[in-house]
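Q: Please take a close look at one loop residue that deserves attention, and then follow the same way of reasoning through the rest of the chain. A formal and connected account, suitable for a first-year student, would be appreciated.

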Amino acid sequence: MPTSPLPPRRRHPPSIKVRFMTVTPDNIPGDPRFFVTQGPFALAELARCSGAELRAASDGGEARRFTGIAPLQSATRDQVSFLDNRRYLPLLEGTGAGAVIVAPAFADKVPAHAAVLVSRAPYQAWARIATLFYPAPPVTPGIHPTAVIGAGCEIDPTAAIGAFAVLGARVRVGAGADIGTHASIGAGVEIGARCRIGAHVAISHALLGERVTLLPGARIGQDGFGFAVTPEGFENVPQLGRVILEDGVEIGANSTVDRGSIRDTVIGAGSRLDNLVQIGHNARLGRCCIVVSQAGISGSTELGDFVTVAAQAGLIGHIKIGTKARIGAQCGVMSDVEAGADVIGSPAMPFREFFRNVAFLRRMAKKTTQDGGGEKAGKA
């Protein structure tokens with residue numbers, strides 16, 4: 001008998017049982033295996049925390065205590081839910097939630113059994129209540145035995161350094177900071193108080209303010225994309241700047257911020273970068289900017305305060321985007337954008353102009369199709 005060229009199939013040893021967990025739709029949020037939970041809380045505490053106006057349920061219920069939050073469609077009497085979008089009104093009518101956060105316009109739509117938490121900013125109120133029930137996990141101070149700490153480091157005794165983290169020489173870590181597992185912190189880096197540095201983050205040539213959050217895999221301070229073009233090829237230009245992350249900045253997983261070439265790359269206080277964002281060398285973002293996933297900002301481009309850059313937008317280098325401007329998804333920005341402007345398309349243009357052009361092109365395409373169809377029919 002010929003032998004099979006394939007190796008025998010491996011089987012699990014009899015002592016090992018492979019089990020799969022069944023997950024039901026709309027599972028209750030805050031799985032205790034992953035999240036720290038606080039509570040229960042009374043309605044008055046929720047109203048005070050969120051800044052919302054409390055309107056009790058028809059059955060009173062002021063003494064009712066709440067254990068968590070949940071979506072409208074799955075919430076129960078001891079949970080809080082919220083509505084911030086008119087399209088979900090049908091879910092509000094049938095919700096089993098014991099309390100619902102809504103804008104004033106929807107307050108009379110809440111079922112009689114539920115207390116109403118009325119807020120002019122329902123999503124913000126929801127965020128505050130969610131944080132009350134599920135606070136960020138506390139930092140456990142200490143340096144893991146497997147961490148590598150360079151010479152001359154200054155680490156606050158309330159900070160935490162995770163397993164296999166590597167800190168170069170002269171790194172400074174502030175009070176309550178949390179450095180995740182396998183993080184790599186280059187020589188001279190300064191990390192402010194209450195920063196949270198995720199697993200496998202790499203930081204070099206950077207100064208971080210307080211309360212900065214870097215999600216896993218973020219890369220901060222590497223060489224910028226700078227080189228001189230010569231007849232023989234390319235010659236790298238030394239990147240001699242730094243990265244400055246101001247207070248409250250949050251940077252998503254696997255995003256990259258290049259250090260400056262001859263001046264600093266700066267991310268302004270409170271700004272939020274999504275996952276997979278690229279910030280080029282010498283770029284400067286103002287306060288509270290938003291940059292959504294897969295967007296790229298080229299070197300030396302400057303954003304004012306409260307600028308929004310939507311997903312997959314691309315900004316060329318050496319341009320200025322004015323305060324509160326909004327850049328649409330997949331937008332190609334090749335020149336300055338005025339403060340407060342809304343642009344979309346490639347090349348970028350004002351929203352109204354872009355959609356007028358789209359409508360015109362559709363009319364022309366339809367007319368061309370009709371004319372072409374008539375000619376073909378005549379020739380036939």
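A: A residue is called buried when its relative accessible area is under 20%, exposed when that value is over 50%, and partly exposed when the value lies in between. The model considered here is a predicted one. F164 has a relative accessible area of 47%, and it is therefore partly exposed. This phenylalanine is located in the loop that runs between β11 (160-161) and β12 (166-167). Its backbone also deserves attention: phi of F164 is near 65°, which is a positive value in a residue other than glycine.

A second residue can be described in the same terms. H182 is not a glycine, yet its phi is positive, at about 60°. H182 belongs to the loop between β14 (178-179) and β15 (184-185). With 38% relative accessibility, H182 is classed as partly exposed.

The backbone has further details to note, in its peptide bonds. G39 and P40 are joined by a cis peptide bond, with omega of about 5°. P40 is placed in the segment before β1 (41-42). Another cis peptide bond leads from S346 to P347, and its omega is near 0°. P347 is found in the loop between β39 (342-344) and β40 (349-350).

From the backbone, the account turns to charged side chains. Side chains of opposite charge can pair when their charged atoms come close. The whole structure contains 12 salt bridges. One of them joins R172 to E190, and the closest N and O atoms of this pair are 3.7 Å apart. R172 lies in strand β13 (residues 172-173) and E190 in strand β16 (residues 190-191), so that the pair links distant parts of the chain, 18 residues apart. R172 is partly exposed, because its relative accessible area is 41%. E190 has 32% relative accessibility and is therefore partly exposed. This pair does not stand alone: E154, R172 and E190 are linked in a network of salt bridges.

A further salt bridge connects R272 and E250, whose closest N and O atoms are 3.6 Å apart. Because R272 is in strand β28 (residues 272-273) and E250 is in strand β25 (residues 250-251), the pair ties together parts that are 22 residues apart in sequence. R272 is partly exposed, with a relative accessible area of 36%, and E250 counts as partly exposed at 32%. E210 and R211 also form a salt bridge, in which the closest N and O atoms are 3.9 Å apart. The relative accessible area is 34% for E210, which is partly exposed, and 38% for R211, which is partly exposed.

What, then, is the place of F234, and is this residue buried or exposed? F234 sits in strand β23 (residues 233-236). Its relative accessibility is 63%, and since this value is over 50%, F234 counts as exposed. F225, F227, V229 and F234 make a nonpolar surface patch of about 510 Å².

V102 offers the opposite case. This valine is part of strand β6 (residues 99-102). At 0% relative accessibility, which is under 20%, V102 counts as buried. Leaving aside residues up to four places away in sequence, V102 touches L83, A107, V110, V116, L117, V118, S119 and P122. The contact partner L117 is 15 residues from V102 in sequence, and the C-alpha atoms of V102 and L117 are 6.3 Å apart in space.

The account closes with the nonpolar interior. In soluble globular proteins, nonpolar side chains tend to be buried together. The largest nonpolar core here has 52 residues, among which I197, I203 and L214 touch the most other members. Strands β19 (206-208) and β24 (243-245) each contribute at least two residues to this core. I203 may be examined more closely: residues up to four places away in sequence are not counted, and its contacts are then S184, I185, G186, V189, I191, I197, L208, L214 and I220. There is also a second, separate core of 19 residues, and its members include F41, A99, A130 and F133.

Technical notes:
Residues are numbered from 1 along each chain as its sequence is written. This is a predicted model: local features need pLDDT of at least 70, side-chain atom pairs count only at pLDDT 80 or more; totals for chains, interfaces and linings use all residues. Side-chain values use heavy atoms; hydrogens and water are left out. Patches are made of residues with over 30% relative accessible area and no salt bridge: like charges are joined within 9 Å, nonpolar side chains (Val, Leu, Ile, Met, Phe, Trp, Tyr) within 5 Å. Accessible areas come from the Shrake-Rupley method with a 1.4 Å probe; for residues, only the protein chains shown count as cover. A salt bridge is a side-chain nitrogen of Lys or Arg within 4 Å of a carboxyl oxygen of Asp or Glu. Helices (H or I, at least four residues) and strands (E, at least two) are DSSP runs, numbered from the N terminus. Buried means under 20% relative accessible area, exposed over 50%, partly exposed in between (1.4 Å probe, protein chains only). Contact means heavy atoms within 4.5 Å. A nonpolar core is a set of buried Ala, Val, Leu, Ile, Met, Phe, Trp, Tyr and Cys residues joined through side-chain atoms within 4.5 Å.
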